[in-house]
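Student: I would like to go through the labels used for this structure and see what each one rests on. Can we set each value against its cut-off?

Tutor: Yes, let us take them one at a time.

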Amino acid sequence: MADSPTVLLTGATGYVGGYVLDALLARGHAVRALVRGGGEALAVRSGVEVHHGDVTDPGTFGHAFRGVGAVVHLVGIIDESPPSVTFERVHVDGTRNVVEAAQAAGVARFVQMSANGARADAATGYQTTKWRAEEIVRAAGFEHAVVFRPSTLFGDPGPDNPEFAKRLWETLVDPFPILPVFGDGQYRLQPVHVQACADAIAQAVTRDASNGRAYCVAGHEEVPYREVLRRIARGGGVRPKPTVSVPIPVARLGVNTLGKAGLLPISPAQFEMLVEGNTCDPSAFFADFDVETPPFDGENLSYLRQY
């Protein structure tokens with residue numbers, strides 16, 4: 001195999017996808033971007049070939065896999081919009097469709113982006129479908145397969161993409177004088193910069209020693225949720241705001257009613273994952289890849305001031 005195989009990238013127009021695209025190009029790969037629509041800005045970039053297709057509809061994209069040496073599959077959702085956009089359809093069926101197309105084209109290398117907390121017995125459909133997607137990749141028999149499980153990613157997403165800190169800034173920290181916190185707010189997050197994740201994904205395409213590994217992608221510091229809100233405020237250029245605790249059972253009831261109706265900025269799945277905490281041991285990630293992450297602090301969150 002060539003040192004820099006052509007890579008088919010799904011999710012290239014998304015938040016993580018934009019960073020991964022740049023990282024792949026920087027490593028000398030030609031990139032074939034599979035996008036549902038648009039992609040005009042990608043098409044004018046040297047080294048990028050745009051193909052249109054929907055991962056949930058296998059009849060739309062099989063041709064895009066011809067002559068590809070590796071696949072990086074990023075497509076995922078954090079919110080459902082039934083009946084057409086669901087965790088089952090996007091994470092499970094979409095991954096199966098991409099894997100089968102890669103197998104049919106003889107692709108040898110496959111890199112899958114999953115999520116921290118993905119497991120068979122998780123509390124949310126988001127996590128269980130991410131786990132089942134991993135299982136599809138593992139069972140496919142690729143010569144080289146690597147899974148990444150990011151925790152909380154941060155970094156400027158641009159105006160058109162969502163991102164954890166940006167979403168909290170726009171829907172909670174900036175508009176409200178007092179911030180509701182579920183329970184004691186001591187559940188911990190482990191934010192890691194999206195650039196570190198993207199660079200590692202690009203390196204994993206050709207790093208043979210990563211074959212068969214599943215990497216926790218997280219920062220060096222575990223940050224309580226209350227402190228996360230304080231740092232986001234500083235990043236946005238305002239003083240940290242007072243908080244008020246909402247008992248977990250009360251909050252869960254509200255999220256399961258208003259959240260499902262889209263009347264709250266957090267879905268039931270996001271609520272459960274938040275109060276569960278989102279931490280893991282990233283030592284193998286930093287040992288195996290030439291990456292580093294800046295701290296999750298006001299200075300490195302200053303991009304929020306433009307939103």
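Tutor: A salt bridge is a side-chain nitrogen of Lys or Arg within 4 Å of a carboxyl oxygen of Asp or Glu. The model is predicted, and it holds 18 salt bridges.

Student: What makes the contact of R167 and D79 a salt bridge?

Tutor: The N to O distance between their side chains is 3.2 Å, and the cut-off is 4 Å, so the pair qualifies. R167 lies in helix 5 (residues 164–173), and D79 lies in the loop between strand 4 (70–73) and helix 3 (87–104), 88 residues apart, so the pair links distant parts of the chain.

Student: Why is R167 called partly exposed?

Tutor: Its relative accessibility is 26%. Buried means under 20% and exposed means over 50%, so a value in between is partly exposed. D79, at 29%, is partly exposed by that rule.

Student: How do you know that R207 and D288 form a salt bridge?

Tutor: Their side chains meet at 3.9 Å, N to O, and the limit of 4 Å therefore admits the pair.

Student: Where do R207 and D288 sit in the chain, and how many residues apart are they?

Tutor: R207 is in the loop between helix 6 (194–204) and strand 11 (214–217), D288 is in helix 10 (residues 283–288), and 81 residues separate them.

Student: Which of the classes, buried or partly exposed, applies to R207, and which to D288?

Tutor: R207 has 23% relative accessibility and counts as partly exposed. D288 has 18%, and because buried means under 20%, D288 is buried.

Student: What makes R234 and E227 a salt bridge?

Tutor: The closest N and O atoms are 3.6 Å apart, so the pair meets the 4 Å criterion. R234 has a relative accessible area of 38%, so R234 is partly exposed.

Student: Which residues are linked with R234 in a network of salt bridges?

Tutor: The network joins E221, E227, R230, R231 and R234.

Student: Now the helices. Why are helix 1 and helix 6 called oblique to each other?

Tutor: Helix 1 (residues 15–26) and helix 6 pack at an angle of about 50°, with axes 8 Å apart. Under 35 degrees would count as roughly parallel, and 65 to 115 as roughly perpendicular, so this angle falls in the oblique class. The crossing is right-handed.

Student: Which residues make that contact of helix 1 with helix 6?

Tutor: Y15, V16, Y19, V20, A23 and L24 of helix 1 meet V194, Q195, A198, D199, I201 and A202 of helix 6. By class there are 10 nonpolar, 1 polar and 1 charged residues.

Student: Why are helix 3 and helix 4 called roughly parallel?

Tutor: Helix 3 and helix 4 (residues 125–139) pack at about 10°, with their axes 8 Å apart. Angles under 35 degrees count as roughly parallel, so the label follows. On the side of helix 3 the contact includes F87, E88 and H91, and on the side of helix 4 it includes G125, Y126 and T129. The contact residues divide into 7 nonpolar, 4 polar and 4 charged.

Student: What is the label for helix 5 and helix 7, and why?

Tutor: The axes of helix 5 and helix 7 (residues 225–236) come within 10 Å and cross at roughly 85°. The range 65 to 115 counts as roughly perpendicular, so helix 5 is roughly perpendicular to helix 7. F164, A165, L168, W169, L172 and V173 in helix 5 meet Y225, V228, L229, I232, A233 and G236 in helix 7. That contact has 11 nonpolar, 1 polar and no charged residues.

Student: Why is E143 called exposed?

Tutor: E143 has 65% relative accessibility, and over 50% means exposed, so the label holds. E143 lies in the loop between helix 4 and strand 6 (144–150). Leaving aside its neighbours within four places in sequence, E143 is in contact with A108 and N211.

Student: Where is E272, and which residues does E272 touch, not counting those up to four places away in sequence?

Tutor: E272 is in helix 9 (residues 268–276). E272 touches T124 and R252 on that count.

Student: Which peptide bond is cis?

Tutor: The bond from P82 to P83 is cis, with omega near 5°. P83 is in the loop between strand 4 and helix 3.

Conventions: Residues numbered from 1 in each chain as written. Predicted model: local features only at pLDDT ≥ 70, side-chain atom pairs only at ≥ 80, totals over all residues. Heavy atoms only, no water. Helix = DSSP H or I, 4+ residues; strand = E, 2+ residues; numbered from the N terminus. Buried < 20%, exposed > 50% of the residue type's maximum accessible area, 1.4 Å probe, protein only. Axes fitted to C-alpha atoms, helices over the stretch in contact; angles between N-to-C directions. Left-handed = near helix turned anticlockwise from the far one by under 90°. Contact = heavy atoms within 4.5 Å. Nonpolar A, V, L, I, M, F, W, Y, C, P; charged D, E, K, R; others polar. Parallel < 35°, antiparallel > 145°, perpendicular 65-115°, else oblique.
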